[in-house]
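Subject: Structure handover

Hello,

Here is the structure I promised to pass on. Please open it first, then read my notes below.

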Amino acid sequence: MQPTLSNYLLRNGSYIGGNWHNSDNFFAVINPADGQQLHQVANAGVEQATDAIAAASDAFTRWSTQPAAKRSEILYAWYQLLISHTKDLALLLTAEQGKPLAEAETEIQYGASYLQWFAEQAKRMDGDTIPAPSADKRIIVQRQAVGVVAAITPWNFPNAMMMRKAAAALAAGCTFVVKPAQLTPLSALAMAVLAEEAGIPKGVFNVVVGTDAKALGTVLTSDPRVAKFSFTGSTAVGKVLAAQCAQDVKRVTMELGGNAPFIVFDDADLDAAVQGLLVAKFRNAGQTCVCANRVLVHQAVYSRFTEKLITAVQQLQVGSGLVAGSDLGPLISKEALDKVETLVQEAVEQGAKVELGGQRHSAGAQFYQPTILSQVTADMQISQQEIFGPVIALQTFTDEAQAIALANDTKYGLAAYFYSRDVGRVFRVSQALQFGMVGINDGAISNAAAPFGGIKQSGYGREGSKYGLDDYTDIKYLCLGGLA
Ligand code: SIN
């Protein structure tokens, strides 16, 4: 079934300095549910990326000196446009990304919530006064926009990951150049349509879509006019981009890979834990960096938990995101499917047992069955890598110390989850877990009011929340003397 996409939101090329780029060099955008071409988009390269940075640089002074109330008003108008176009934006998102339509609508609302949040925060970019060491001085602290921000955003949340960065950057007074993933450029271009309609001045928000990720990434991380770079994606790519930014000592935010443990203690509410795991594991068919990757269950409740889990996972419907009732759509690409399949096969060869699924799904070439593996061990690749697919890998533990040790035994530190009704344990385990975000009796931790981000090789910087402007502002200290 081919969706009818909104002509108003569907664009053919990059949005640079308020103009739409065109060329006769196109690339195809494919629907992952059926492999059919959805649209063709002009392929931007180094020249267009450089033009976008120039446009953002030219627009910076005008935008950053607007009163915060004005920036807030424009961001709020953009938010309202997202909300009023939710259905069309969600359809576009499902068509190019694959997630079920209901989940796509939730993503649009999630992306919009960052605009709403930062429209408010723009007015709260407060400074400080600090008692000076002598009577003739005053110390004043101000926050100022860092300048041009460049960003690279992923295919798994084509709307929300971009909006989380753009909303904070524009609220702070920065101008913005984003390169969305080449697999999902249409959602980003649709946001440019609405940015223009909201009254965002030319050059303030620029979208560069192209297939030469390496060349575009090099421009965005090395042009001296870019003051700050923000990336959401894999740890491997993040390391390369951060190293490129180091040449100019650019400010950097890295939101990288995860390997989230999901711990079920013997005092947990098992029904709640099953429901929490469904959310933490199967959102976007397991393709999020905060997805539960290793499920650690206390030996004493293992059988009861697994039984309940199998019953719940059996209810999940797999199919095109456009079909009503689908809970899980396709994986983003053939490579993604191959990776999941290999991880499962290797785990089984090494002793894991398939409790449910374990095969490709008949819904199409890029679908995988919701899968539960038991008898998984910490040394298997499936425990060490981000699965990024609909596979639950179950391990057991016998006491709290072992659960914590297993959970922390990873180079990643993005999200962790645990279920327990013992308040002492809740505080002990929260403190011991080496992760930037911890869901306690909750599998849905992401929202605009909360600081999203990781530690260790999951990156640095925080997005959303009252801390979200910090990464887009410099602190300037004014020393007033001669006041005696
Ligand atoms: C991600 O997968 O990169 C982020 C998901 C979220 O915001 O919850």
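The lining of the second largest pocket takes at least three residues from domain 1 (15-256 + 458-477) and at least three from domain 2 (260-447). Keep in mind that this is a predicted model.

**The second largest pocket**

The space in this pocket comes to about 520 Å³. Its lining counts 25 residues. Nearest the centre of the pocket lie Glu103, Leu278, Val279, Phe282 and Arg283. By type, the lining splits into 15 nonpolar, five polar and five charged residues.

Which helix gives the most to this lining? That is H4, with five residues. Helix H4 spans 101-121. Helix H9 (270-282) also takes part, and each of the two helices supplies at least two residues.

**The ligand**

Now to the ligand. A shell of 13 residues surrounds it. The closest are Tyr110, Arg164, Arg283, Cys289 and Ser446. Arg283 is thus on two lists: it is among the residues closest to the ligand, and it is among those nearest the centre of the second largest pocket.

Three contacts are worth a look on screen:

- Tyr110: an N or O atom of its side chain is 2.7 Å from an oxygen atom of the ligand.
- Arg164: here too a side-chain N or O atom is involved, 3.0 Å from a ligand oxygen.
- Cys289: a polar backbone atom sits 2.8 Å from an oxygen atom of the ligand.

How much of the ligand does the protein cover? On its own, the ligand has 260 Å² of accessible area, and the protein covers 99% of that.

The shell around the ligand holds six nonpolar, four polar and three charged residues. Both domains contribute to the shell: domain 1 (15-256 + 458-477) and domain 2 (260-447) each provide at least three residues.

**The cavity**

One last feature. The count of cavities of 30 Å³ or more comes to one. The largest cavity has a volume of about 50 Å³. Its lining is made up of 13 residues. Thr288, Cys291, Asn293, Glu386 and Ile387 lie nearest the centre of this cavity. The lining divides into five nonpolar, six polar and two charged residues.

To start, go to Tyr110, whose side chain has an N or O atom 2.7 Å from a ligand oxygen. Then move on to Glu103, one of the residues nearest the centre of the second largest pocket.

Best wishes

Technical notes. Residues are numbered from 1 along each chain as its sequence is written. This is a predicted model: local features need pLDDT of at least 70, side-chain atom pairs count only at pLDDT 80 or more; totals for chains, interfaces and linings use all residues. Side-chain values use heavy atoms; hydrogens and water are left out. A residue is near a molecule or strand if one of its heavy atoms lies within 4 Å of it. A polar contact is a pair of N or O atoms within 3.5 Å; within protein, one must be able to donate a hydrogen and the other to accept it, and residues adjacent in sequence count only if both atoms are side-chain atoms. Accessible areas come from the Shrake-Rupley method with a 1.4 Å probe; for residues, only the protein chains shown count as cover. Ala, Val, Leu, Ile, Met, Phe, Trp, Tyr, Cys and Pro count as nonpolar, Asp, Glu, Lys and Arg as charged, and the others, Gly among them, as polar. Domain bounds come from an automatic or database domain assignment. On a 1 Å grid over the protein atoms alone, a cavity is a set of points where a 1.4 Å probe fits but cannot get out, and a pocket is an open set with protein on both sides within 12 Å along at least five of seven lines; lining residues have an atom within 4 Å of a point. Grid points are joined across faces, edges and corners, and a volume is the space filled by probe spheres set on the points. Helices (H or I, at least four residues) and strands (E, at least two) are DSSP runs, numbered from the N terminus.
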